[in-house]
Amino acid sequence: MSLDGKIVLVTGGSRGIGRAICLHLAAQGATVGINYVSNSIAAEEVLAEITAQGGKGFLSGFDVADSKAVQKAIKEITAEQGGVDILVNNAGITRDGLVARMKDDDWDAVLNTNLKGAFTCSKAAMRGMMKKRWGRIINITSVVGFLGNAGQVNYASAKAGLVGLTKSMARELAGRKVTVNCVAPGYIVTDMTSDLSEDIKEKIKAEIPMATLGTPEDVAGAVAYLASDESGYMTGQTLHVNGGMYMGN
Ligand code: NAP
């Protein structure tokens with residue numbers, strides 16, 4: 001699967017799943033834009049790793065929840081790189097709490113980053129894809145968007161919302177050969193899950209037929225397929241990468 005000549009933007013590319021996606025797509029020949037919101041050092045390390053393996057990339061720091069900043073960044077990338085061919089909406093946060101105690105701020109922060117961020121980035125990037133009659137938008141949702149999770153009403157709502165966004169955009173953009181799909185990871189070892197206690201991790205593993213948490217690289221492989229020409233007749237779909245934890249669709 002070659003991505004030679006393609007320009008990629010991975011939101012939240014500085015750490016965890018986003019970092020693995022950046023490295024994987026750069027290894028396929030793409031020029032990869034590494035977005036981050038605050039951790040410029042981590043983003044620079046990802047760029048250095050890409051360059052060390054003979055790949056190409058660039059940094060693009062902006063907050064996906066800030067629509068003006070998103071528009072400005074995508075304009076700059078378009079001017080400097082010639083557009084975004086493949087957008088991976090991966091940036092995400094958690095602000096967990098039971099519904100009864102959840103503050104409006106925690107709801108708004110998670111919805112603004114995890115759902116509105118994907119809408120704003122897609123809206124800004126899709127025009128160039130439509131003109132080129134080729135594009136890929138890949139939204140990183142979560143198993144939690146399908147199963148629900150006590151303590152994560154904001155996160156689960158945003159992730160389930162991404163599935164609706166994906167299907168609607170897939171219908172709007174299909175005629176221009178722009179595909180829009182989701183990858184839904186299960187529990188993956190990253191900073192986001194590092195706070196889970198060993199007890200909780202054991203309980204989660206008991207729900208996973210493969211009895212282990214996934215790696216960022218497991219997710220990156222599914223993203224690489226959806227980014228490629230090989231997936232060209234597939235749109236509005238979700239690829240589940242969860243060790244068998246959830247098998248529905
Ligand atoms: P992570 O290790 O916490 O990394 C989060 C990334 O998102 C960082 O690069 C961070 O940038 C960036 N980010 C956060 N808010 C941002 C904003 N407002 N604008 C731009 N970038 C922002 O998370 P992860 O575990 O890799 O998760 C990546 C995605 O996969 C998320 O959408 C998450 O919901 C989803 N997911 C994760 C799991 C899991 O088990 N880990 C499971 C299912 C789905 P900085 O480095 O600058 O902070």
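**Salt bridges, a glycine and a helix**

Asp191 is partly exposed, with a relative accessible area of 47%. This value, like the others below, comes from a predicted model. Asp191 is a useful starting point, as its side chain takes part in a salt bridge with Arg15, in which the closest N and O atoms are 2.8 Å apart. Arg15 sits in the loop between strand 1 and helix 1, while Asp191 sits in the loop between strand 6 and helix 7 (198-206), so the pair ties together parts of the chain that are 176 residues apart in sequence. Arg15 is likewise partly exposed, at 41% relative accessibility.

Side chains of opposite charge can pair when their charged atoms come close. The structure holds 8 salt bridges, and two others can be followed within helices.

One of them joins Lys72 to Glu76, with 3.4 Å between the closest N and O atoms. Both residues belong to helix 3 (residues 67-81), where a spacing of 4 residues separates them by about one helical turn. An α-helix has 3.6 residues a turn, so residues three or four places apart point the same way. Lys72 is exposed, with a relative accessible area of 54%, whereas Glu76 is partly exposed at 38%.

Helix 7 offers a second case: the side chains of Glu198 and Lys201 form a salt bridge at 3.8 Å, N to O. These two residues are 3 residues apart in the helix, again about one turn. Glu198 counts as exposed at 51% relative accessibility. Lys201 has a relative accessible area of 18%, which is under 20%, so Lys201 counts as buried.

Next comes Gly5, in the segment before strand 1 (7-10). With a relative accessible area of 64%, Gly5 is exposed. Apart from neighbours within four places in sequence, Gly5 is in contact with Gly29 and Asp85. Ile200 is 195 residues from Gly5 in sequence, and their C-alpha atoms are 43 Å apart in space.

The last element to visit is helix 8, which covers residues 216-227. Its 12 residues, at 1.5 Å a residue, should span 16 Å, and the C-alpha atoms at its ends are indeed 16 Å apart. Which residues of helix 8 are buried? They are Pro216, Val219, Ala220, Ala222, Val223, Ala224, Leu226 and Ala227. These buried residues pack against helix 1 (16-27) and against four strands: strand 4 (86-89), strand 5 (135-140), strand 6 (178-185) and strand 7 (238-241).

Technical notes. Residues numbered from 1 in each chain as written. Predicted model: local features only at pLDDT ≥ 70, side-chain atom pairs only at ≥ 80, totals over all residues. Heavy atoms only, no water. Buried < 20%, exposed > 50% of the residue type's maximum accessible area, 1.4 Å probe, protein only. Contact = heavy atoms within 4.5 Å. Expected span 1.5 Å × (residues − 1). Salt bridge = Lys/Arg side-chain N within 4 Å of Asp/Glu carboxyl O.
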